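Biologist: I would like a close look at a single helix and how it sits against its surroundings. Please put it in the context of the whole model and give the cut-offs behind each term.

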Amino acid sequence: MTVAIAPHTLPAPLSVAEAGRTERDYVLAAQRGDQDAFAALVRLHERRAYAVARAIVVTHEDAEDAVQEGFLHAYRALDRFLPDQPFGAWLYRIMANSALDLVRRRKVRETDELTETVALPFRDPGEADELRTRLADAIARLTERQRSVIVLHDVEGFTHGEIGQMLGIPEGTARSDLHHARATLRGLLRDVRSDL
Amino acid sequence: MSNLHLVHGHEEDDVTRELRALYAAPDDASYWSELEARVMQRIADAELDWRSELSRWTRPALLAAAALILACGAALYRTHEVEQAAAYEALLAPVARPTEAIARPMLQDQRDGTARYVLSRD
């Protein structure tokens with residue numbers, strides 16, 4: 001299997017003072033109230049946290065909100081986290097919940113606008129070619145969960161099990177959602193792809 | 001956490017590549033520093049909100065507690081005064097003969113009578 005890490009998911013470089021400390025050290029220090037240690041955890045995980053939130057919410061701005069909200073929840077719940085568990089998995093579950101909450105709140109407020117703005121790229125509209133435009137339209141036709149699953153799996157590389165945990169669904173459901181999402185996308189984009 | 005991998009381990013296809021481009025996070029380092037700062041600021045604000053909310057309620061709560069303590073103190077003092085007055089009045093009032101004192105001679109007489117009867121049988 002080819003293994004590649006997308007550049008945007010690499011953690012931020014650590015400073016000299018941070019280099020010798022492990023994630024567990026930061027967690028323990030943050031649990032003792034050390035804000036700098038929590039900032040280091042934010043620095044380590046913010047890119048992946050953003051990716052998780054971005055897969056679930058509709059816009060870049062909502063993803064930013066969900067990330068900030070998620071880190072705040074994590075900060076408040078930090079004393080309940082067991083340091084021997086993987087911090088990332090715990091944090092990304094909180095991020096996913098935070099993003100899902102935001103989607104629910106948005107749904108209540110602006111149900112009609114939702115489908116019009118789904119999955120539009122937050123930047124760089126000028127370079128969108130036909131496939132990208134059609135892809136954005138096709139993604140808008142997926143269910144919210146299918147969209148989250150395909151982005152988390154195909155873009156961010158999470159496993160079905162990890163996705164299931166994050167979204168609160170069985171692993172088999174995540175697998176089936178991914179299958180349906182791919183089939184829908186490929187069906188909708190078949191004519192575009194044959195032109196390429 | 002799993003490593004990132006390409007779809008099904010095959011070469012990245014056009015759709016996946018476009019999907020990645022569509023959902024790409026900003027790659028500018030300054031963006032992430034700023035986001036980190038915003039996260040920490042939000043946490044600081046939330047902490048401040050919590051503390052100011054607490055301090056907003058602390059003053060009225062302390063005043064209410066002080067008023068409650070004063071009211072309890074006054075009630076106790078009043079009760080004590082009433083008890084003292086009652087005790088003083090009881091001291092000055094003529095003492096009625098206790099029921100036991102009235103009943104005792106009768107009982108004593110009965111007991112004496114019984115004793116005399118028993119002794120006389122011998």
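Modeller: What follows takes one helix of chain A, then its partner in chain B, and then the surroundings.

This is a predicted model, in which local features need pLDDT of at least 70, side-chain atom pairs count only at pLDDT 80 or more, and totals for chains, interfaces and linings use all residues. Residues are numbered from 1 along each chain as its sequence is written, while chains are lettered from A and ligands numbered from 1 in the order in which they are written.

The part to look at is helix 8 of chain A, residues 144–155. Helices here are DSSP runs of H or I with at least four residues, strands are runs of E with at least two, and both are numbered from the N terminus. The expected span of a helix is 1.5 Å times one less than its number of residues. For the 12 residues of helix 8 of chain A that comes to 16 Å, and the end C-alpha atoms are 16 Å apart, which agrees. Just after this helix, A:Gly157 has a positive phi of about 80°.

Is helix 8 of chain A mostly covered or mostly uncovered? It is mostly covered, with 10 of its 12 residues buried. A residue counts as buried if 20 or more other C-beta atoms lie within 10 Å of its own, as exposed if 12 or fewer do, and as partly exposed in between, with C-beta atoms placed from the backbone. The buried residues of helix 8 of chain A are A:Gln146, A:Arg147, A:Ser148, A:Val149, A:Ile150, A:Val151, A:Leu152, A:His153, A:Asp154 and A:Val155.

Helix 8 of chain A also meets the other chain. Two packed helices are described by the angle between their axes and the distance between the axes. The axes of helix 8 of chain A and helix 1 of chain B (residues 14–22) come within 10 Å and cross at roughly 105°. That makes the two helices roughly perpendicular. Axes are lines fitted to C-alpha atoms, for helices over the stretch in contact, and angles run from 0 to 180 degrees between N-to-C directions. Angles under 35 degrees count as roughly parallel, over 145 as roughly antiparallel, 65 to 115 as roughly perpendicular and the rest as oblique.

From helix 8 of chain A, the contact is made by A:Val151, A:Asp154 and A:Val155, and from helix 1 of chain B by B:Thr16, B:Leu19 and B:Arg20. Two residues are in contact if their C-beta atoms, placed from the backbone, lie within 7 Å. The residues of this contact divide into three nonpolar, one polar and two charged. In that scheme Ala, Val, Leu, Ile, Met, Phe, Trp, Tyr, Cys and Pro are nonpolar, Asp, Glu, Lys and Arg are charged, and the others, Gly among them, are polar.

Within chain A, helix 8 is also reached from helix 9 (residues 160–167), where A:Leu167 is found. Leaving out residues up to four places away in sequence, A:Leu167 touches A:Ala96, A:Arg145, A:Ser148 and A:Ala174. A:Leu167 counts as buried because it has 24 C-beta neighbours inside 10 Å. The C-alpha atoms of A:Leu167 and A:Asn97 are 7.3 Å apart, although the two residues are 70 apart in sequence.

From A:Ala96 the trail leads to the core. Beyond its neighbours within four places in sequence, A:Ala96 is in contact with A:Val52, A:Ile56, A:Met166 and A:Leu167. A:Ala96 is among the residues with the most contacts inside the largest nonpolar core, which has 58 residues. A nonpolar core is a set of buried Ala, Val, Leu, Ile, Met, Phe, Trp, Tyr and Cys residues joined through C-beta atoms within 7 Å. Helix 3 of chain A (residues 35–56) gives the most to this core, with 12 residues.

As for the whole, chain A has 10 helices and zero strands, and 37% of its 196 residues are buried. Among its contacts between residues at least 6 apart in sequence, 65% join residues at least 24 apart. Chain B has three helices and zero strands, and 8% of its 122 residues count as buried.
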